[in-house]
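Student: I would like a close look at the interior of this protein. Please take it as one connected account, and include the parts that bear on how far the coordinates can be read.

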Amino acid sequence: MKSKNLRLGIAALFASAPLLMFGVSSSAMAVETAPHFCYDDALECGPSNWGNLADEWKVCATGQNQSPINISRTKESERLSEIRFNWKSTPLKIKNNGHTLQVNYEPGSSIRVNGETYQLLQFHFHSPSEHSVGGNQSPMEVHMVHVSDSGVLAVVGVMLDAGEASHTLEEIIANAPAEGGEVTIADKYVNASSFLPREREYWNYSGSLTTPPCSEGVRWHVLTHRTTVTHDQADEFVHMFHGGNARPVQPLNDRKVLRSDD
Ligand SMILES: [Zn+2]
């Protein structure tokens, strides 16, 4: 029961304050005092200054295991298991937190990977992509955020290349609330699986949240295969978020990026 309560507590925190889920004793207080951050480095709120905007955000500047990264040199590892996806459809509940569109998930969907089960909390988008591969960004990237019973975060990232339209993204953009708003669309369901490619090999590394407070210890699983959105869909999303919402890539430092074998 204890772990279930912990999980629900974390889920509630994500739903109400997705950017402040770690290391904050009073989330309500933090919401009131959280400074504004943005993606324009010409401004004081820009990514290279995030670590100076709040004491709890210092790790954005000082952390050695930050995300996103450029994925270039990787090492195949037989120790990585495949990801077992158990994602169900969920009522379409969209939040516009001013930084992204986030679809909050009903409890009951999960992944199992490398001996641990993680519950799916929400998925959200970045444009252009945050991770790059061999120095190249994609038009968009979707992040499916999960948490284990013990509170460890695992994110599945999928690069979205330009190509066929995503019907799910279309529904999300068409029904998106204004900044700060949250809506539930009656009788509409979505499934994060619609963004999954058929092949599910992945790159694995230890990183962080890509928004303040940039907390580390996040287990990243970036799929090596991609799915698609149209240029227009990516453009529309970028316009909603004032020119883009991708944090620049961070130094890899001593980390290794492992690749699951086929
Ligand atoms: Zn993200």
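Tutor: A residue is called buried here if 20 or more other C-beta atoms lie within 10 Å of its own, exposed if there are 12 or fewer, and partly exposed in between. By that criterion, buried residues make up 37% of the 262 residues in this predicted model. The fold that holds them comprises 6 helices and 15 strands. Among contacts between residues at least 6 apart in sequence, 67% join residues at least 24 apart.

In soluble globular proteins, nonpolar side chains tend to be buried together. Here the largest nonpolar core has 50 residues, and Met140, Val142, Met144, Val155 and Val158 have the most contacts inside it. Strand β10 (residues 153–162) supplies the largest share of this core, namely 7 residues. Met144 gives a local view of the packing: leaving aside neighbours within four places in sequence, Met144 is in contact with Leu120, Phe123, Val155, Val156 and Ala192.

Val155 also leads to a second site, as Val155 is one of the residues touched by Trp220. Trp220 is found in strand β13 (residues 216–223). Trp220 counts as buried because 24 other C-beta atoms lie within 10 Å, and the threshold is 20. Beyond residues up to four places away in sequence, its other contacts are Ser67, Gly157, Asn204, Tyr205 and Gly207. The pair Trp220 and Gly157 is separated by 63 residues in sequence but by 7.4 Å in space, C-alpha to C-alpha.

Ser67, one of the residues touched by Trp220, precedes an unusual peptide bond. The bond from Ser67 to Pro68 is cis, with omega near 0°, and Pro68 lies in the loop between α4 (59–62) and β1. A cis bond also joins Ser127 and Pro128, with omega about -5°; Pro128 is in the loop between β7 and β8 (132–133). Most residues other than glycine have a negative phi, and most peptide bonds are trans. Cys214 departs from the phi tendency, with a positive value near 60°. Cys214 sits in the loop between β12 (202–208) and β13, and this loop residue is nevertheless buried because 28 C-beta neighbours fall inside 10 Å.

Helix α6 (residues 231–240) shows how a helix meets the interior. Its buried residues are Gln233, Ala234 and Phe237. These cover an arc of only 95° around the axis, so they lie on the same side of α6. An α-helix has 3.6 residues a turn, so residues three or four places apart point the same way. On the other side of α6, His231, Asp232 and His239 are exposed. The buried residues of α6 pack against β7 (116–126), β9 (140–148), α5 (167–174) and β14 (227–229). Just after α6, His242 has a positive phi of about 55°.

Strand β7, one of the elements that α6 packs against, is also part of a paired set. β6 and β7 run antiparallel over 4 bridges, and Arg112 has Thr117 in β7 as its bridge partner. The two strands form a hairpin with 2 residues between them, and Asn114 in the turn has a positive phi of about 50°. Unlike the buried Cys214, Asn114 is partly exposed, because its count is 14 other C-beta atoms within 10 Å. On the other edge of this set, strand β3 (residues 84–86) is joined to β6 (residues 110–113) by 3 antiparallel bridges, with Arg84 and Arg112 as bridge partners.

An exposed position offers a contrast. Arg73 is in the loop between β1 (70–71) and β2 (75–77), and is classed as exposed because 9 other C-beta atoms lie within 10 Å. Arg73 and Val257 are 184 residues apart in sequence, yet 7.3 Å apart in space, C-alpha to C-alpha.

Finally, there is the matter of confidence. The average pLDDT is 90, and 87% of the residues score at least 70. Over residues 1–30 the pLDDT is below 50, although this stretch has 36 contacts in the model beyond near neighbours in sequence. Where pLDDT is low, the predicted coordinates should not be read in detail.

Definitions and conventions. Residues are numbered from 1 along each chain as its sequence is written. This is a predicted model: local features need pLDDT of at least 70, side-chain atom pairs count only at pLDDT 80 or more; totals for chains, interfaces and linings use all residues. A nonpolar core is a set of buried Ala, Val, Leu, Ile, Met, Phe, Trp, Tyr and Cys residues joined through C-beta atoms within 7 Å. Two residues are in contact if their C-beta atoms, placed from the backbone, lie within 7 Å. The arc is that of the directions from the helix axis to the C-beta atoms. Two strands pair if DSSP finds at least two bridges between them. pLDDT is the predictor's confidence in each residue, from 0 to 100.
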